[in-house]
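Visitor: Hi! Could you walk me through this one? I'd like to start with a strand and work outwards.

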Amino acid sequence: MREREMGMGRSIRPAGLAAGGCGTRVFNEEDFLRNLGGDRDLVRTIVTMFLDDAPSGMECLKEAVDRNDAAEMRRLAHKMKGAAANIRAEALAHIEDNGSRRDMTGAASLFEATRRELERFRDLFTEKTDRARDDERGDAGPGNISG
Amino acid sequence: MKILITDDDFISRNVLHAILLPYGRCDIAADGQAALDAFMLAHDEGKPYDLICVDVQMPGMDGHETLKRIRALETEMALPEDKRVKAIMVSASRDVKNVIAAKESGCEAYLVKPVEKERLLDEIRELKFKVSAIS
């Protein structure tokens, strides 16, 4: 079960726009959709795979931080950056730019930033998916049901 | 076109696979050794790859080393230049040292993630492959 920041207030910003601003979005769905030839199901499938895999990736990242293993931490962060970039989780993909270094300085904050961005991405994707599902139900709503 | 996609990250593999599948047969390797095995198997079968897309940063044998070994195998096989697999390196890193190392390991192109479909197809066209969707 995924973690949730229960009871914590969240800052308000336009949906999909990352905290860092500068046009970086939490999820650039349009771009990803266009890159996959407009296949919305494929977008959902690949993002779901990413989110399913993310907890184990975060666990490995946490272990590397706890072990003070800077090389492994950088490798895992780089891997997550690549995957995040490919699915247009832009804010998540951008994190390593501020955290890539040869020692463990800032490792805990890098981990925390990654965890936070991952959660924001998950929340936004879930919200979009739920909304799309509702729309699909709406399209096939009572007015369209015969009998 | 026969393509080998090599990336240790399965999301990146799947995205590349989704982009390239309409344009050719795509096989997937999850690490450098698997890529070398697939490369040799394809030659043994007489159906070598036309294109390999390889991630730079992989645990164990990285993309640079993988491609160097592929080029060494091609040299051993005395393959002429036009029979050698075309290679596109893919990385999340814009580090110029990585780009230089990629060139030295024998790649024809270097793309920074996220992989843009049109950019990738343009690179493939540059390599003189005909890029048309398989019906």
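**A chat about the two chains**

Guide: Happy to. In this predicted model, strand β1 of chain B (residues 2-6) has 4 of its 5 residues buried, so β1(B) is largely enclosed by the rest of the structure.

Visitor: Which strands does β1(B) pair with, then?

Guide: One is β2(B), residues 25-29, which runs parallel to β1(B) and is joined to it by 5 bridges. Another is β3(B), residues 51-55, also paired with β1(B) in the parallel sense, over 4 bridges.

Visitor: Can you give me a residue to click on for each? What stands opposite Leu4(B) in β2(B)?

Guide: That's Asp27(B). For β3(B), try Thr6(B), whose bridge partner there is Val54(B).

Visitor: And what unit do β1(B) and β2(B) make with the helix α1(B)?

Guide: Together with α1(B), residues 10-20, they form a β-α-β unit, and that unit is right-handed.

Visitor: Back to β1(B) for a second. Is Lys2(B) there buried or exposed?

Guide: Lys2(B) does sit in strand β1 of chain B. With 15 C-beta neighbours inside 10 Å, it counts as partly exposed, because a residue needs 20 or more to be called buried.

Visitor: What does Lys2(B) touch further along the chain?

Guide: Leaving out residues up to four places away in sequence, Lys2(B) touches Gly24(B), Arg25(B), Lys47(B), Tyr49(B) and Asp50(B). Tyr49(B) is 47 residues away along the chain, yet the C-alpha atoms of Lys2(B) and Tyr49(B) are separated by 5.0 Å.

Visitor: Okay, zooming out. How many helices and strands does chain B have?

Guide: Chain B has 5 helices and 5 strands. From the N terminus on, its elements go β-α-β-α-β-α-β-α-β-α.

Visitor: What is its radius of gyration, and what would a compact globule have?

Guide: Chain B comes out at 14 Å, and a compact globule of 135 residues would be near 14 Å, so the two agree. Along the principal axes, the C-alpha atoms of chain B fill a box of roughly 40 × 35 × 25 Å.

Visitor: What share of chain B is buried?

Guide: Buried residues are 39% of its 135 residues. As for contacts in chain B with a separation of 6 or more, 59% of them link residues 24 or more positions apart.

Visitor: And chain A, how many helices and strands there?

Guide: Chain A has 6 helices and 0 strands, so reading from the N terminus you just get α-α-α-α-α-α. Of its 147 residues, 31% are buried. Residues 24 or more positions apart make up 62% of the chain A contacts with a separation of 6 or more.

Visitor: How many residues of each chain are in contact with the other?

Guide: 16 residues of chain A contact 15 residues of chain B. On the chain A side, α2 (40-66) and α3 (70-86) each supply at least two of the residues involved. The largest share there is 8 residues, and it comes from α3(A). Sorted by class, that side of chain A has 8 nonpolar, 4 polar and 4 charged residues.

Visitor: Which residues touch the most other members of the largest nonpolar core?

Guide: That core has 61 residues, and the ones that touch the most other members are Ile87(A), Ile52(B), Cys53(B) and Met89(B). In soluble globular proteins, nonpolar side chains tend to be buried together.

Visitor: Tell me about Cys53(B). What does it touch?

Guide: Not counting residues up to four places away in sequence, Cys53(B) touches Ile3(B), Ile5(B), Thr6(B), Leu16(B), Ile88(B) and Val90(B).

Visitor: Last topic: backbone oddities. Where is there a cis peptide bond?

Guide: Look at the bond from Lys113(B) to Pro114(B), which is cis with omega near 5°. Pro114(B) lies in the loop between β5 (109-112) and α5 (117-126) of chain B.

Visitor: Which residues other than glycine have a positive phi?

Guide: Asn68(A) is one of them, with a phi of about 55°. It is in the loop between α2 and α3 of chain A, and it counts as exposed, with 11 C-beta neighbours inside 10 Å. Ala78(B) also has a positive phi, near 55°. You'll find Ala78(B) in the loop between α3 (63-76) and β4 (86-91) of chain B, and it is exposed, with 7 other C-beta atoms within 10 Å.

Visitor: Great, thanks!

Key: Residues numbered from 1 in each chain as written. Chains lettered and ligands numbered in written order. Predicted model: local features only at pLDDT ≥ 70, side-chain atom pairs only at ≥ 80, totals over all residues. Buried ≥ 20, exposed ≤ 12 C-beta atoms within 10 Å, placed from the backbone. Pairing = 2+ DSSP bridges. Right-handed = clockwise from strand over helix to strand, strands pointing away. Core = buried A, V, L, I, M, F, W, Y, C linked by C-beta atoms within 7 Å. Contact = placed C-beta atoms within 7 Å. Nonpolar A, V, L, I, M, F, W, Y, C, P; charged D, E, K, R; others polar. Rg over C-alpha atoms; globule rule 2.2 N^0.38 Å.
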